[in-house]
Amino acid sequence: MNNRRNFLTGAGAITGAIAAASVSRVAMAALPEPVLQTKPDTMAPLAPNTGRPYNPVVTLNGWTLPWRMNQGVKEFHLVAEPVVREMSPGFKAHLWGYNGQSPGPTIEVVEGDRVRIFVTNKLPEHTSIHWHGQRLPNGMDGVAGLNQPAIPVGKTFVYEFVAKRPGTFMYHPHADEMTQMAMGMMGFWITHPKAKHPLIDEVDRDFVFLLNAYDIDPGAYTPKIMTMLDFNLWSWNSRIFPGIDPLVVRKNDKVRIRIGNLTMTNHPMHLHGHEFLVTGTDGGPTPKSTRWYEVTTDVAVGQMRQIEFLADEEGDWAFHCHKSHHTMNAMGHDVPTLIGVDHRKIVKDITGVIPDYMVMGERGMADMAEMDMPLPDNTAKMMTGEGPFGSVEMGGMFSMVKVRKDQKPGDYKDPGWYKHPAGEVAYEWTGSLPNPARFAAEGGKTMRSQNMPAKEVEVQVRKPMGNMKH
Ligand SMILES: [Cu+2]
């Protein structure tokens, strides 16, 4: 019997002798116990207690996978399986992921580490894992059919390679990719530098999260997998605001945030109150000469961006995708918005006949945040974040960087809302409001038009239009 084949046919078939003969010169006793995590909380950084030291990352609403050292090899065990992910409090989705969660746990290693990852397939169909961005032997790249046979249901495969270059990477299936990624199968991989690196600064806080998206009908539990662009849940690490934890930092901390995009569209990520540098991409750290300060950086499909800034302004600073449709949650009501149309008189009559009938805010969409409209069970409310001054009117890809001078080093606990110093909050003007003079004199124009239209034209913007599934 072919030893390698035998080794690859599953956990039951593995013995130390066969493994040693077929896959590696390093003897392998047994599979490492898979570690599972079912809570969606942000776990404390996992300080390495074996192997070489490094400064661990913090996975937003996620965790880092523990490993075991086996004769100098870092061994991890990923289990691909159906999971239930709480996407925000009270809203659970039936996804696929790894080790009890979607996304899977973050894997952290050090440049030069020899890594062995056992992947057990508990999905109802075959799978594989592609180690997005890594330098590795071709047969370890994880494209089913091209680099390896797909991992059949119930079987365990082994990937083994040296983490050659430091940087931020992702992992995801490369077998029935459309389905499996739409169902939430993905995770982060960090390779820390082995020594001081001229382009990689030491930071006080190092956050990671993936941008992902789902199309789950209101009241349903399972994502629709055929959707290409019209997703209705825009998430970070399969969480939507207000279910996304804040990024808590101490004033004057040097902060790094690593963002990977495994959705089908780009996301301009925007930070308030600070300027950042893009210090890394999929290809590793960026040369210093290419760095300039920004407040928004676009993360394209399949890309990773690493941003860094000095958190020297106290406060609760918004951090979000700048596509406004991506900071909303599910809208399953196929009703056009009619801003400016007063429906009050007729709505009462219609709801008597059609209980679900709803008019989308004739004064804009802000009503939606306050209106406690009846929703099917297990539906994420559209814009529900509640701040210290009322509704934040945000959902989806939104969180905050909370900068506090009294936050302890290494403490990630939410400090609550920022207490603004007296006189530092925008306030209502209660004096008189003079009319701008030019309106009366010049009809609102600083220069007269030469050719005025014969009839006055006035347009109304209807926004958003049509099918509101965002
Ligand atoms: Cu976006």
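A polar contact is taken here as a pair of N or O atoms within 3.5 Å, where, within protein, one atom must be able to donate a hydrogen and the other to accept it. In the predicted model, the side chain of Ser128 meets this criterion with the backbone nitrogen of His174, which lies 3.1 Å from a polar atom of that side chain. The side chain of Ser128 also reaches the backbone oxygen of Gly142, at 2.7 Å. Both partners of the serine side chain are thus backbone atoms, a nitrogen in His174 and an oxygen in Gly142.

Ser128 itself belongs to the loop that links β6 (114-121) to β7 (130-132). Despite this loop position, Ser128 is classed as buried because its relative accessibility is 0%, where the limit for burial is under 20%. The surroundings of Ser128, apart from neighbours within four places in sequence, comprise Gly142, Ala144, Gln148, Ile151 and Tyr159, together with the run His172, Pro173, His174 and Ala175. Gly142 and His174 therefore appear both among these contacts and as polar partners of the Ser128 side chain.

Burial also marks strand β11 (residues 205-214), in which 10 of 10 residues are buried. Arg205, Phe207, Phe209, Leu211 and Ala213 are directed to one side of β11, while Asp206, Val208, Leu210, Asn212 and Tyr214 are directed to the other. Charged residues, namely Arg205 and Asp206, are included in this buried set.

Three strands pair with β11. With β14, β11 forms a parallel pairing over 7 bridges, in which Arg205 has Val255 as its bridge partner. Strand β1 (residues 58-59) is likewise parallel to β11, over 2 bridges, and here Val58 stands opposite Phe207. By contrast, strand β12 (residues 233-236) runs antiparallel to β11 and is joined to β11 by 4 bridges; within this pairing, Asn212 faces Ser235.

The strand β14 (253-261) is followed by a loop leading to β15 (267-271), and Met264 is found in this loop. Met264 counts as partly exposed because its relative accessibility is 39%, a value between the limits of 20% and 50%. On the surface, Met264 joins Met178, Met226, Met228 and Leu229 in a nonpolar patch. Together, the residues of this patch have about 550 Å² of accessible area.

Terms used:
Residues are numbered from 1 along each chain as its sequence is written. This is a predicted model: local features need pLDDT of at least 70, side-chain atom pairs count only at pLDDT 80 or more; totals for chains, interfaces and linings use all residues. Side-chain values use heavy atoms; hydrogens and water are left out. Buried means under 20% relative accessible area, exposed over 50%, partly exposed in between (1.4 Å probe, protein chains only). Contact means heavy atoms within 4.5 Å. Patches are made of residues with over 30% relative accessible area and no salt bridge: like charges are joined within 9 Å, nonpolar side chains (Val, Leu, Ile, Met, Phe, Trp, Tyr) within 5 Å. Accessible areas come from the Shrake-Rupley method with a 1.4 Å probe; for residues, only the protein chains shown count as cover. A salt bridge is a side-chain nitrogen of Lys or Arg within 4 Å of a carboxyl oxygen of Asp or Glu. Two strands pair if DSSP finds at least two bridges between them.
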